[in-house]
Each structure stands twice: as structure tokens, then as C-alpha cells.
Amino acid sequence: MSRNMFKKLIATLFLFAVPAAAQTVAIRAGNLIDPAKGTVSKDQVILVENGKITAVGAGVAIPKDAQVIDLSKEWVMPGLMDAHTHITLQELPGKAPFEAVYLKESTPFRALHGLHNGQIQLNAGFTTMREVGNEADYACSDLKKALHEGWFDGPTLECAGKIIGPFGGQSKGIPEEMGGYWLHEYIDADTADEIRKGIHQNIYYGADVIKLVADNSEYYYTEAQIRAAAEESHSAGRALAVHVYGGPAADNVIRGGADSVEHGFALTDEQLKLMKEKGTYLVGTDFPTAHLAGLSPSSDVLADANKMGSQIIDRLSRANKIGVKMAFGSDTVTGMPGRTRADMVFDYLAVWKTAGVSNADILKAMTTNCADLLRISKERGAIAAGQYADIIAMPGDPLQEIETLRKVNFVMKNGKVVRAAK
Ligand SMILES: [Zn+2]
């Protein structure tokens, strides 16, 4: 090799070694919503670089070489969040028992289903989701890894791994000779030590949040057992989410220090007041009545859809009046002909509205409060310098009409436009 050629080679290598200057994106936001305050600021500029927001304000100068995205006629806000999803699960049609999924679907199939549902949700404006179990053998963890590699567009995921519960998971009446095939999705844990071991197992396989199911059976966790779970979760920097409907099991969950009560359909005013006092979140999964009717009949608590639908509205209304912290959670696991999962998740807005929750508080529950519960407030949930650029827009003001969220037509995820406004 001649000296010149060698020089050229070195120069070329050097060229490749120097990273290209990051492209700055400037978003002109005609109406910028701050869901933490329920306010709108006019004619703002948002600068985005390397996936993160670097500046926001009316007087922010747009650099000459920036790519400009014009959302001057739109309402812009941080991406939506859902604190209770099962994107890797869809109940089998035809009123099959819930447990049938375990027999019919493999973990890889469940991960692909999660990717499909996650992309539908992302396109609709949900940029972060907390997958609270029912993901077979850690399908969510693998999906999260693939998204992290950048192989696919998808939402930020927090995964729970296997749901920890007293013997039997959430199955009912499986004959003894069938064995514990619910262990495909659940960890049996009947003592505080078994709960701690289950938490270790989940964290080892990638769990970001710990999910317990407390009252699926006549037997349920004691306050001391919940406290052990909370201690173990918190010492590993994870929140503890507990499925519980009500009664003495819910007393134990709240007193034991869970970060969130999932469902809580039968919570009394006294229990809601205790939650407010302790700062426990309610992730109410406030099902519309029409959705309840489509759930698997194996869940006897949901047997009477109309009665349960009214009970949910009443509980949400009481929680709102008492001032319990609330984070939006959908728990959608069924399908409806001709409708996407995102369409179905937006049906919950009508329930919140009927329960008397203000549009501002609904938006807060879908952003700021979720980010707090998911322990990611410093990274996501607001449009501010230093936050990841998870930004959505729509052609109307959701603070005036909450159903406008169905019209989201722009989605930016980690600074990448995954849906462009038309
Ligand atoms: Zn659920």
C-alpha cells in the first residue's frame, strides 16, 4: 500500500468514526397542553435532538438546519400512558374459559401478539404501557428487548413477568391430574418467603414492576405478606401493583403498602380514604359495560355486566370525590368485530366522564399520574427539556372534549415520527 493510499484509508476511517451532527427537529406547536396543570400555551416551539427534548417555549429560536414539523393548527401534548395492559394476551373468542389461552398459544406467539397490539396502541397515541402480567413465559421482557434494539417501532414497556398469587393463579376448578399448568403465567406463592422468591425470579427474567393477585380465591394474602412483597419490590426499585376487588383482602393490600390497587371495584369509602391518606394509586380498569359482557364467563365476579358496569362508575365517582390518586388503566383483553384495541381503550373515556371526572383530571391520569406510578417522571410524561420526545397531536382540544383523543394524528416516539399529521 502506498503512503498516499494509507493516508486516504486513515482519513476514511476517521470520517466514519466521527458521528454525524445530530439532526435537530423543531416542532411548531400551535396549542401546547400541560396535563400536570390542565393549561394550554399558544404558539410554542419544541426542539428535539437525539430522541430528547432540549428546549420548549414561545421564544425558542429554530436553528437554521433544523427539520421543522408544523403542528401550528394542532393541540400537542405528551404521549398517553396506560398503567394496566395485557398486550400479549387476547382472550380466545367463543366464550372459551380464560385458561384455554395457556393451552393454545405459545410464548413466541404471545410476544408477536404484543408487538401487534403495542403498535396499534402507539399509533393511537399511547407511547408508554405497563404490562401487568399474563405474558406466558416472559413474552413482554423479550418484546421489550427487541423494541430496545430498535428492530420495531413500539411503546415503552414496563413488564411484570409472571403474576404472583396464592396457589392456583387466576384459574378455577382445574382437575388435580392436569397439574399446575397455570404456572405458564403465574407463580404460586403462599408464604412471605415464597413471595420474595417469586419477586427475585421475576426480576431476574426482566420484570420492571411486581404484580400480585391478592383475592382470586377464598384464601387471600395477609397484611404481613403484602408488606413483605412491598419491601422486597421497593428494595429492588420496583413498584408493587396488586389485583384486588375489595373486602378484607383490599384492607390488607392498602395497609400492607402496595403502590397501586388494580381494579378495586368493590372498594368502600373508608378504603378509598385510607388510600388517599397513604398515597396509594387506584388503577381502576374502569370497564365499559359493553366490554364486560364480552369477558370470559369463568370470572364469576363479572357475571352480571350491567350491575358491574354501574358499580364501576359509582366507585370511580367516589374515588374522584374523595381525591384518591388515579392512574389510567384499561385491562382490555377481548376483541370486538371491526374495532381495534385502541378503539376499545378509548371507550373508557365515556366511563370516566359519566363518573364526573373532569377532562383535565382524565388527561392527568393518562400522563403525569401514570409517569409517577411507573417511576419514570424524570424521563417521560411531560413536554419539558430533558424528557424523551414522546409527543402526540390532534386537531382539537381534549380539555374541551375528551373524545378528541380518538383523533390523534401525529405520534413521535423517542424523537422519531411514527405517525405524521395530515
Ligand atoms: Zn389485568
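This is a short tour of the structure, one selection at a time.

Before you click, note that the model is predicted, with local features needing pLDDT of at least 70 and side-chain atom pairs pLDDT 80 or more, while totals for chains, interfaces and linings use all residues. Numbering runs from 1 along each chain as its sequence is written, and side-chain values use heavy atoms, with hydrogens and water left out.

**Stop 1: the zinc ion**

Select the zinc ion and show its protein donors (N, O and S atoms within 2.8 Å of the metal, or 3.2 Å for Na, K and Ca; water is not among the atoms, so sites may look incomplete). You should find H84 (NE2), H86 (NE2) and D331 (OD), 2.1 to 2.2 Å from the ion. Along the sequence, their spacing reads H-x1-H-x244-D. H84 belongs to strand 5 (residues 80-85) and D331 to the loop between helix 10 and helix 11, so this pair ties together parts 247 residues apart in sequence. Helices here are DSSP runs of H or I with at least four residues, strands are E runs of at least two, and both are numbered from the N terminus. H84 and D331 are both buried, where buried means under 20% relative accessible area, exposed over 50% and partly exposed in between (1.4 Å probe, protein chains only).

**Stop 2: a small enclosed space**

Stay with H86, which is among the residues lining the largest cavity, as are D82, T85, S330 and T332. That cavity holds about 40 Å³ of space, and strand 5 and helix 11 each supply at least two lining residues. The whole structure has two cavities of 30 Å³ or more. On a 1 Å grid over the protein atoms alone, a cavity is a set of points where a 1.4 Å probe fits but cannot get out; a pocket is an open set with protein on both sides within 12 Å along at least five of seven lines; lining residues have an atom within 4 Å of a point. Points are joined across faces, edges and corners, and a volume is the space filled by probe spheres set on them.

**Stop 3: aromatic rings**

Now colour the rings of Phe, Tyr and Trp (its six-membered ring): they pair if their centres lie within 6.5 Å, and planes under 30 degrees apart count as stacked, over 60 as edge-to-face and the rest as tilted. There are 13 aromatic pairs in the whole structure. Y204 and Y205 make an edge-to-face one, 5.0 Å centre to centre with 85° between the planes. Y204 is exposed at 65% relative accessible area, and Y205 is partly exposed at 45%. Next, pick F328 and Y348: their centres are 6.2 Å apart and their planes at 75°, so this pair is edge-to-face. Both F328 and Y348 are buried. Ring pairs link them into a cluster with F126, Y245, F265, F287, F346 and W352.

**Stop 4: Y388 and its charges**

Centre on Y388. The charged end of R380 sits over its ring, 4.1 Å from the centre, and the charged end of K52 sits over that ring too, 4.7 Å from the centre. The test is NZ of Lys or CZ of Arg within 6 Å of the ring centre and within 35 degrees of the ring normal.

**Stop 5: the largest pocket**

From R380, move to the largest pocket, with about 650 Å³ of space. Of its 25 lining residues, the closest to its centre are H148, T156, L157, R380 and N414. Helix 4, strand 7 and strand 16 (416-419) are the elements giving two or more residues to the lining. To finish, look just after helix 4, where G150 takes a positive phi of about 85°.
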